[in-house]
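Please open the structure in your viewer and keep the selection panel at hand. The tour below goes from one selection to the next and says what is there at each stop.

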Amino acid sequence: MRIAFVLNGKKRALDAPPLARLLDLLRGPLGLTGTKEGCGEGECGSCTVLLDGVPVNACLVVAGQCDGRTVLTVEGLGTKDGLSDLQDAFVKEGGAQCGICTPGILMAAHALLTANPQPGEGEIRESIAGNVCRCTGYQRIVESIRHAAKERASRESG
Amino acid sequence: MALVGRSVPRADGPAKVAGTARYVDDLTRPGALLGATLRSPVARGRLRGIRRDPAFDWAGVTVVTAEDVPVNVVALIEEDQPVLASDEVRHAYEPIALVAAEDPVRLARALRALTPEIEPLPPVLTVADALARKAQIHGPDNVFATYRISKGDAAQAIASSPVRLTGRYRTHHQEQLYIEPQGMLAFWDANGAHLVGSLQCPFYVHKGVKRTFSLDDAHVDVTQAVTGGGFGGKEEYPTLLALHALLLAKKSGRPVKMIYNRQEDVEATTKRHPCEVTIESGCDREGNLSAVSIKVLMDGGAYVTLTPVVLSRAALHAAGAYRWEHVAIEAVAVATNTPPNGAFRGFGAPQTIWAIERHMDRIARELSADPLELREKNLLRVGDTTPTGQFLKESVGVQRCVEEARKASGWDKKRASLGAAAPTRPVSALLRRSAPGSSAPRKARGIGASVFLHGAGFTGSGERRLKGRVAIDMLRGPSGKKPLFRIRTASTEIGQGTETVFRQIAAEALWVSMDRVEFATPSTSVVPDSGPTVASRTVMIVGSIVERAARDLFARTENERQKGGGSFDDAALRLLAGKEPVVSEKTYETPGDVVWDDETYRGDAYPVFAWGCDIAEVEVDLDTFETTVLGFWAVQDVGKAINPLLCKGQIEGGTLQAIGWALNERLVVEEGRILNARMANYIVPTSLDAPRFTTVLVEDPYSMGPGGGAKGIGELPMDGGAPAIAAAIEHATGIVRDDLPLLPEDLFAARRTGT
């Protein structure tokens with residue numbers, strides 16, 4: 001079927017089987033390999049993207065569900081030379097180690113900070129509870145998100 | 001300058017957070033096929049054939065069987081494991097055949113159209129059956145390896161001790177569960193075999209490929225892709241996957257990519273060895289330890305893989321961080337028809353540290369002593385000797401770790417105010433208090449501690465045999481004005497921070513900024529063999545070679561500057577104007593006073609040890625027996641933290657793996673098959689399960705460590721978490737659990753036997 005949607009701010013249209021996984025569309029024909037596959041059953045959260053602003057597992061969303069909607073992936077947050085404040089915080093505060101879970105966690109955190117600019121630690125932990133990280137013990141991830149929120153607040157008040 | 005000791009942001013960070021870092025599944029080559037593996041459904045049997053469904057259209061499908069393998073062995077410690085089974089099948093999921101096809105759908109159908117015909121044989125599924133020789137599956141006695149360590153006369157000393165205690169402690173499998181499954185991209189050209197993959201040790205793969213395809217060094221290239229975690233799971237296993245992908249690529253004449261899905265990865269790749277440790281100890285009534293006798297029994301699985309080395313490390317850590325005048329350790333690993341166990345962070349030490357730490361708590365219980373005080377009284381100090389007779393001449397920061405952990409956690413107060421472990425209050429009383437309808441609290445809190453050590457670097461003569469090498473090139477910079485430097489090493493970045501830390505060490509020694517030091521992608525045709533990325537050796541051993549090579553280049557440039565004048569950069573450019581490339585290659589030199597005898601297992605088992613004290617505070621729900629970790633204090637002597645932020649990241653991540661091993665993870669194995677090989681049912685900790693860590697770095701420098709004394713700490717944090725949790729649960733509830741894991745059902749079952 002013909003699927004049209006807004007991907008990282010740009011209108012895109014392509015032909016895809018209606019039951020193709022969004023994950024495969026992103027990584028295949030759309031060439032966005034920043035979204036990772038860790039388990040293929042919605043448990044690890046590595047493939048988290050935002051569908052109309054809401055975090056979803058791209059391995060459990062099919063192409064047909066995306067028609068007419070907006071999808072945001074890690075490539076839509078910033079670029080290597082122009083990182084978003086959240087991405088930058090993950091680099092500075094040690095939120096990424098091996099990096100394979102990082103794009104998914106960034107998407108979950110981005111959704112959190114959009115809805116709740118000043119989250120408490122419990123809210124931060126809740127927001128990434130669907131994203132498994134085996135490297136960090138989560139503490140540096142929590143600190144990275146907290147750091148980004150704090151920086152935003154100080155920018156706005158300053 | 002002072003780059004060492006600073007938490008500079010990780011060098012590979014921007015690409016990872018931008019999603020542009022290229023992992024193996026993000027790569028392809030024109031015309032690449034996808035590959036998959038046909039595996040044994042049974043634990044043991046004789047392979048009679050492989051049936052191909054004649055109704056299936058085999059056009060464009062490549063099938064590889066044992067007949068296609070030039071030399072059918074995986075070259076590791078022993079050559080007992082075939083690349084593909086040809087006769088006897090020795091474990092469930094053992095590779096039998098390989099398939100390649102154009103797309104995933106064709107591939108899945110082709111795989112289903114192949115059926116292995118296996119005549120089942122009675123499998124050996126337990127260590128007890130292996131020892132009883134229920135069937136002969138390895139050598140004459142099913143034993144992979146045996147080690148003995150002896151100091152003084154343990155049997156006699158225990159017999160004459162006023163307090164003699166015996167305990168048996170078991171640990172279970174653990175899956176590494178790196179979030180990126182294993183994967184490899186293979187192709188052949190006029191230069192031979194090429195591989196790009198997710199791996200820790202490029203030269204292990206290199207060795208395996210040379211052996212199986214009878215190639216020389218120059219005709220095999222192994223390149224590491226950005227790797228999404230390893231934890232030991234990508235130490236030896238990638239060699240097998242690389243051989244599979246290369247076989248398919250050779251037969252099909254096309255590049256082949258093989259990416260495991262999660263279930264296949266959990267089923268087929270190596271796990272942490274299950275282990276049973278029996279400890280008998282003798283001490284006096286005041287808690288002064290005297291003698292210990294330890295028996296270690298490990299399940300190696302179906303093939304040798306790295307089991308002897310894991311067993312050796314288990315034995316060498318079995319007596320813990322304590323002074324014993326008399327020690328007898330016997331460690332045995334046996335073969336079973338279960339998927340091979342192999343490297344996992346800690347490499348045998350977490351199993352024996354679990355045992356000795358639980359045993360220390362047993363002694364404390366018997367003597368009604370404070371468990372931390374008992375430990376403190378018996379800690380190894382500078383000037384003591386270990387069970388192998390190793391004289392500890394420096395960098396024993398364990399006393400400070402205990403002091404800082406005690407203070408930071410509020411141990412004294414919490415030990416007195418929390419818990420139900422006082423011997424006058426048995427668990428049954430506590431449980432009665434919280435019976436349904438009772439108004440008493442239904443949750444119990446407690447605090448527990450562990451003290452531990454981890455030998456950094458290869459065991460025994462390993463580093464001396466290995467002779468790890470590193471090269472640093474001086475290169476013309478892009479402007480032609482400022483020279484650049486490039487580190488070439490086989491030590492891989494797998495998330496732990498190798499690239500960043502090596503660049504810090506080199507830049508500091510060269511007196512240049514970090515952006516002038518590059519890190520070459522580890523590829524066997526480009527980098528010298530620095531040895532594998534394992535054994536907590538990367539920073540301490542390989543980092544020290546980086547430092548020497550950088551210092552050498554600095555000295556040569558400085559020498560030129562003094563002769564010809566100008567700045568450091570002017571002098572460097574003059575060196576670069578010469579005919580020869582400007583490069584410094586250095587080989588690891590084992591300190592002369594580090595001496596080890598493999599025959600007697602006496603001497604310096606490791607160049608140095610890192611030390612730690614973990615304290616856990618938990619709350620146990622007395623209805624569900626769920627444990628929540630309320631606080632965790634990890635205080636570890638790292639010698640010198642090259643990058644404190646990355647160092648703390650290692651400690652927190654490793655500690656959570658240990659907590660997961662204790663509280664969440666359980667691999668269910670029946671008839672040699674894994675019943676929960678998915679992330680939906682093999683549960684690892686999430687952000688809500690993880691405690692808030694208080695991580696304290698103690699720095700008691702090691703004189704031969706880089707950057708002013710760094711020690712290896714990659715594995716240390718895996719050692720102390722589980723016993724600290726068990727001790728805290730015991731303090732909270734009185735439930736004494738000597739076996740891992742500590743899942744609610746385990747605590748529920750153990751409450752009946754609690755003292």
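What follows is a walk through a predicted model, taken chain by chain and then across the contact between the chains.

**Stop 1: chain A as a whole**

Begin by selecting chain A and colouring it by secondary structure, which comes to six helices and five strands. If you follow the chain from the N terminus on, the elements run β-β-α-β-β-α-β-α-α-α-α. Along its principal axes, the C-alpha trace of chain A spans about 45 × 35 × 30 Å. The radius of gyration of chain A is 15 Å, which agrees with the value near 15 Å that a compact globule of 158 residues would have.

**Stop 2: the two domains of chain A**

Next, give separate colours to residues 2-73 of chain A, which form domain 1, and to residues 85-157, which form domain 2. The centres of these two domains of chain A, taken over C-alpha atoms, are separated by 22 Å. Where they meet, 13 residues of domain 1 of chain A are in contact with 11 residues of domain 2 of chain A.

How much area do domain 1 and domain 2 of chain A bury between them? The figure is about 860 Å², and 65% of it lies on carbon and sulfur atoms. Across this interface in chain A, the rule finds three residue pairs in polar contact, both residues of each being at pLDDT 80 or more, while it finds zero salt bridges. Now select strand 3 of chain A, residues 48-51, which with three residues gives the most to the side of domain 1 that touches domain 2. By class, that side of domain 1 of chain A has five nonpolar, six polar and two charged residues.

**Stop 3: chain B as a whole**

Move on to chain B, in which you will find 21 helices and 27 strands. The radius of gyration of chain B is 27 Å, close to the 27 Å that the globule rule gives for 755 residues, so chain B is as compact as a globular protein of that length. Taken along the principal axes, the C-alpha atoms of chain B fill a box of roughly 80 × 80 × 50 Å.

Colouring by domain needs a little care here, as some of the selections in chain B have several segments:

- Domain 1 of chain B takes in 26-121, 186-229 and 234-258.
- Domain 2 of chain B takes in 127-175 and 271-351.
- Domain 3 of chain B takes in 369-457 and 606-753.
- Domain 4 of chain B is 462-587.

**Stop 4: domain 1 against domain 4 in chain B**

Keep domain 1 and domain 4 of chain B visible; their centres, taken over C-alpha atoms, are separated by 36 Å. The contact takes 15 residues from domain 1 of chain B and 15 residues from domain 4 of chain B. These two domains of chain B bury about 1,200 Å² between them, with 58% of it on carbon and sulfur atoms. Show the side chains of B:Gln200, B:Phe203 and B:Gln224, the residues of domain 1 that lose the most area to domain 4, together accounting for 49% of what that side buries.

Across this interface in chain B, the rule finds zero salt bridges, but it does find eight residue pairs in polar contact, both residues at pLDDT 80 or more. Helix 5 (202-213) and strand 11 (220-224) of chain B each supply at least two residues of the side of domain 1 that touches domain 4. Strand 11 of chain B gives the most to that side, with five residues. By class, the side of domain 1 of chain B that touches domain 4 has seven nonpolar, six polar and two charged residues.

**Stop 5: where chain B meets chain A**

Finally, show both chains and select their contact, which takes 51 residues from chain B and 45 residues from chain A. Chain B and chain A bury about 3,900 Å² between them, 55% of it on carbon and sulfur atoms.

How many salt bridges are counted between chain B and chain A? The count is eight, and a salt bridge to look for joins the side chains of A:Glu143 and B:Arg692, at 2.6 Å from N to O. Across the interface of chain B and chain A, the rule also finds 29 residue pairs in polar contact, both residues at pLDDT 80 or more. On chain B, helix 1 (13-18) and helix 18 (644-663) each supply at least two residues of the side that touches chain A. Helix 18 of chain B provides the largest share of that side, eight residues. By class, the side of chain B that touches chain A has 23 nonpolar, 15 polar and 13 charged residues.

Notes: Residues numbered from 1 in each chain as written. Chains lettered and ligands numbered in written order. Predicted model: local features only at pLDDT ≥ 70, side-chain atom pairs only at ≥ 80, totals over all residues. Heavy atoms only, no water. Domains from an automatic or database assignment. Contact = heavy atoms within 4.5 Å. Buried area = accessible area lost by both parts, 1.4 Å probe. Salt bridge = Lys/Arg side-chain N within 4 Å of Asp/Glu carboxyl O. Polar contact = N/O pair within 3.5 Å; in protein donor to acceptor, adjacent residues only side chain to side chain. Helix = DSSP H or I, 4+ residues; strand = E, 2+ residues; numbered from the N terminus. Nonpolar A, V, L, I, M, F, W, Y, C, P; charged D, E, K, R; others polar. Rg over C-alpha atoms; globule rule 2.2 N^0.38 Å.
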